[in-house]
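Got your viewer open? Let's take a short walk through this one, picking a few residues at a time.

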Amino acid sequence: MSSELREKLVEAAKRGTLIHYEDIAPMFGLNFDLDADRAEVGRLLDVVSRSEHAARRPLLSAVVVHKGDDEIPGAGFFKLARELGTYKGGDRKLYWTTEFMAVCRYWKESNERSVD
């Protein structure tokens, strides 16, 4: 897992702010305009969220969203959440908002170090 990525996501959660997918790609020398690079960003976020879920923490990738009017995560976030059993379907924005609030609350209140 990328500790640099996890650290960036934890810091955003502590501040209660969002990160755009497009801002993650350059951290790894990726171009978000390319399909393969977008898929790699998704894979990196998937690894982080699976690790967080295994540690019984909220899905840290909830702080990552698409730019635009709706600013919610992409389909991969919801697919993973469904696979992990934390999302049963229905209102995506409501599920994401709840998970985003949980991850921010967790890291604001946590005494854990940002990087394992």
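Which ring does Arg38 lie over? Select Arg38 and Phe32 together: Arg38 lies over the face of Phe32, at 6.0 Å from the ring centre. Before you click on, keep in mind that this is a predicted model.

**Stop one: the largest pocket**

Next, select Tyr21, Gly42, Leu45, Gly76 and Phe77. The largest pocket has a volume of about 220 Å³, and of the 15 residues lining this pocket, those five are the closest to its centre. Now colour helix 3 (35-54) and helix 4 (75-84), the elements that each give two or more residues to the lining. Helix 3 provides the largest share, with five residues. What kinds of residue make up the lining of the largest pocket, by class? You'll find eight nonpolar, five polar and two charged ones. If you're wondering how anyone spots a pocket at all, rolling a probe the size of a water molecule over the atoms shows where empty space is left.

**Stop two: aromatic rings**

Keep Phe77 selected and add Phe78, Tyr87 and Tyr95. These four residues form one aromatic cluster. The count for the model comes to eight aromatic pairs. For a look at one pair, select Tyr106 and Trp107: their ring centres are 5.0 Å apart and their planes sit at 85°, so the pair is edge-to-face, a label for angles over 60 degrees. A pair of aromatic rings is described by the distance of the centres and the angle of the planes.

Now show the surface. Are Tyr106 and Trp107 buried or exposed? Tyr106 has 23% relative accessibility, so this residue counts as partly exposed. Trp107 has 1%, so this one counts as buried.

**Stop three: inside helix 3**

Go back to helix 3 and pick out Ser49, which has its place there. Its relative accessibility is 0%, so Ser49 counts as buried. What is Ser49 in contact with, leaving aside its neighbours within four places in sequence? Add Leu59, Leu60, Ser61 and Leu80 to your selection and you have the answer.

**Last stop: a loop**

Finally, select Gly29, in the loop between helix 2 (21-24) and helix 3. At 68% relative accessibility, Gly29 counts as exposed, because the cut-off for that word is over 50%. Try your distance tool from the C-alpha of Gly29 to the C-alpha of Val63: the two are 21 Å apart in space and 34 residues apart in sequence.

Methods. Residues numbered from 1 in each chain as written. Predicted model: local features only at pLDDT ≥ 70, side-chain atom pairs only at ≥ 80, totals over all residues. Heavy atoms only, no water. 1 Å grid on protein atoms, 1.4 Å probe; cavity = no way out; pocket = protein on both sides within 12 Å on 5 of 7 lines; lining within 4 Å. Points joined across faces, edges and corners; volume = space filled by probe spheres on them. Helix = DSSP H or I, 4+ residues; strand = E, 2+ residues; numbered from the N terminus. Nonpolar A, V, L, I, M, F, W, Y, C, P; charged D, E, K, R; others polar. Phe/Tyr/Trp six-rings, centres within 6.5 Å; stacked < 30°, edge-to-face > 60°. Buried < 20%, exposed > 50% of the residue type's maximum accessible area, 1.4 Å probe, protein only. Lys NZ or Arg CZ within 6 Å of the ring centre and 35° of its normal. Contact = heavy atoms within 4.5 Å.
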